[in-house]
Amino acid sequence: MINRIQIKEAQSVLMEESCALQAESMIALMEGEPLLGLVSSPGGKRLSANDCIGQVYFKDGTTVDIVPDISDIRSDDGSSKMLMEMLYSTFGMTTRGSIAGDLFEFFVRMFIDSISMLMVRGLRSKYHLVSGNEKAFKGRIVFNEHIRQNYIHKERIYVEYESYTQNRPENRLIKSTLEALLRKSTDSQNIKGLKTLVMGMEEIPSSSDVDKDLSMVIIDRNMVDYTSPMLWCNIFLKGMGLAGASKDNLAYALLIRTRSLFGAYVAKMSSTDRADGVFQIGCAADIRNDGDSKGVSVILIDLDWSFYDRIRDQTILDAESLFMSAPGYRVIPYNRRDRLRSMAGSYLSDVLV
C-alpha cells in the first residue's frame, strides 16, 4: 500500500516487514554512520532519523520524508515550509512552487533549472566518426566496403567522415534522465518543465547504455557547465534506479546531514546583504548500492559552500564566523544541541509564520 509519512529528526515510525528489511540493507550500506536507525518495538521495527533530513523511498511506494526539527516550529507543516525555505534560499532559486516537504521534487526542479540554463548557453557538440553508403562524396572513400556494397549500385559511394553533432554521452544521459523523471514526478509544474526540455532535445537520442555513457563523461574546462547536471544524472539514474522503465525498481535513501544544510543556509543568509564578497554553493554526492542483490541504494549529499571576502582577501568556510560578521548581527544564545541550529532558526523566524 502506497503511504507517505513525515517525521522530524530523532522521531521514529513503525515499518512494514518488507520495508524494515530494505531499511536494514540501507543502514548496512552506511558503514556505521548513524543517520538512520532501526530498533525493535512491541509492534515491529521502527525507523528513526538522526541528525539528517531527506527522503527514504521503499519498493511498495511507501515514502518517509525527514524534516528538520527546530524547537520554535512544532507543527509538521511548519517544518516542511522550513525545509523548503532553507533549500530555496540556499540554492538561490526564485521560482517557488507547491512541493512542500518533497525533497525529490525539489531536486527535480533544481535539475530542470540547471538544464534550462545549460540549453540557453548551448549544449556542447562533438565530432563523431560516421560511415555509410551515401549519395554524395564526403570525407574519404572506404574502398573495401564501397566495392562490396556498390558493385551494382553505381550511384552510391561508401564513405567515412566526421560529423559535428550534439549526440554525445553527456547529452544522451540528460535526455534519459529527463524521460525517467517524467515517469516518476507527480508535480504538475515539474512535469511541464520536463516535457518542454525533452522536446528541446528531440534530435538527441536517449542513452542505450547508461553505465557506458557515465564512464565516458568528461568534465574539462569546456564542460564546466555540465558539472551539476552530470551529478544529478548519476543520482537519478543510478542512485534512484530510474534508468529502467519501472518507477519502483529500487529502494533508496536520499539524505543530507542537518548540520551541512544549516551551515549552508546560515552562510547564504549571512552573505545576502553583503557587497564585500561572493557566496558559492555546490553539491557532492556519495552513492552507495548493494550491487542490485537486494535492490537498495543510499545517496549521501554534502553541501559545499564558500564565501570569498574581498576586503580581507580570504575565503570564509565557517558559518558561525560569517553570521557574526554579517550586517545586523544579533546575539544568538546556545540553544539545544548547537548554536548553528539556533542561527538557522533566527533567520527562519523572519520568513515563517
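## Close-up views of a predicted model

**Figure 1. A look into the largest pocket, which 21 residues line.** Welcome to this predicted model. Of the lining residues, S114, M117, S228, P229 and I281 sit nearest the centre of the pocket. Three elements each give two or more residues to the lining: helix 3 (103–121), helix 8 (227–239) and strand 11 (277–289). Which of them provides the largest share? That is helix 3, with 6 residues of the lining. The space in the largest pocket amounts to about 660 Å³.

**Figure 2. The loop that holds A10, between strand 1 and strand 2.** Here you can follow strand 1 (4–8) into the loop and on to strand 2 (12–14). Most residues other than glycine have a negative phi. A10 is not a glycine, yet its phi is positive, at about 75°. Is A10 buried or exposed? Its relative accessibility is 61%, and exposed means over 50%, so A10 counts as exposed.

**Figure 3. The loop that holds D313, between strand 12 and strand 13.** This view takes you to a loop that follows strand 12 (296–309) and leads to strand 13 (314–316). What is the phi of D313? It is positive, at about 55°, although D313 is not a glycine. D313 has a relative accessible area of 55%, and it is therefore exposed by the over 50% cut-off.

**Figure 4. The whole protein chain, with its 11 helices and 13 strands.** Now step back from the close-ups to see where they belong. Taken along the principal axes, the C-alpha atoms of the chain fill a box of roughly 85 × 60 × 35 Å. How much of the chain is buried? Of its 353 residues, 48% are buried. Among the contacts with a separation of 6 or more, 66% are between residues 24 or more positions apart.

**Figure 5. The surface and charges of the protein chain, with an accessible surface of about 17,600 Å².** Carbon and sulfur atoms account for 50% of that surface. How many side chains carry each charge? The protein chain has 42 positive and 46 negative side chains. As you compare the two sets, note that their centres lie 3 Å apart.

Technical notes:
Residues are numbered from 1 along each chain as its sequence is written. This is a predicted model: local features need pLDDT of at least 70, side-chain atom pairs count only at pLDDT 80 or more; totals for chains, interfaces and linings use all residues. Side-chain values use heavy atoms; hydrogens and water are left out. Helices (H or I, at least four residues) and strands (E, at least two) are DSSP runs, numbered from the N terminus. Buried means under 20% relative accessible area, exposed over 50%, partly exposed in between (1.4 Å probe, protein chains only). Contact means heavy atoms within 4.5 Å. Accessible areas come from the Shrake-Rupley method with a 1.4 Å probe; for residues, only the protein chains shown count as cover. Lys and Arg count as positive and Asp and Glu as negative; His and the chain ends are not counted. The place of a charge is taken as NZ of Lys, CZ of Arg, CG of Asp or CD of Glu. On a 1 Å grid over the protein atoms alone, a cavity is a set of points where a 1.4 Å probe fits but cannot get out, and a pocket is an open set with protein on both sides within 12 Å along at least five of seven lines; lining residues have an atom within 4 Å of a point. Grid points are joined across faces, edges and corners, and a volume is the space filled by probe spheres set on the points.
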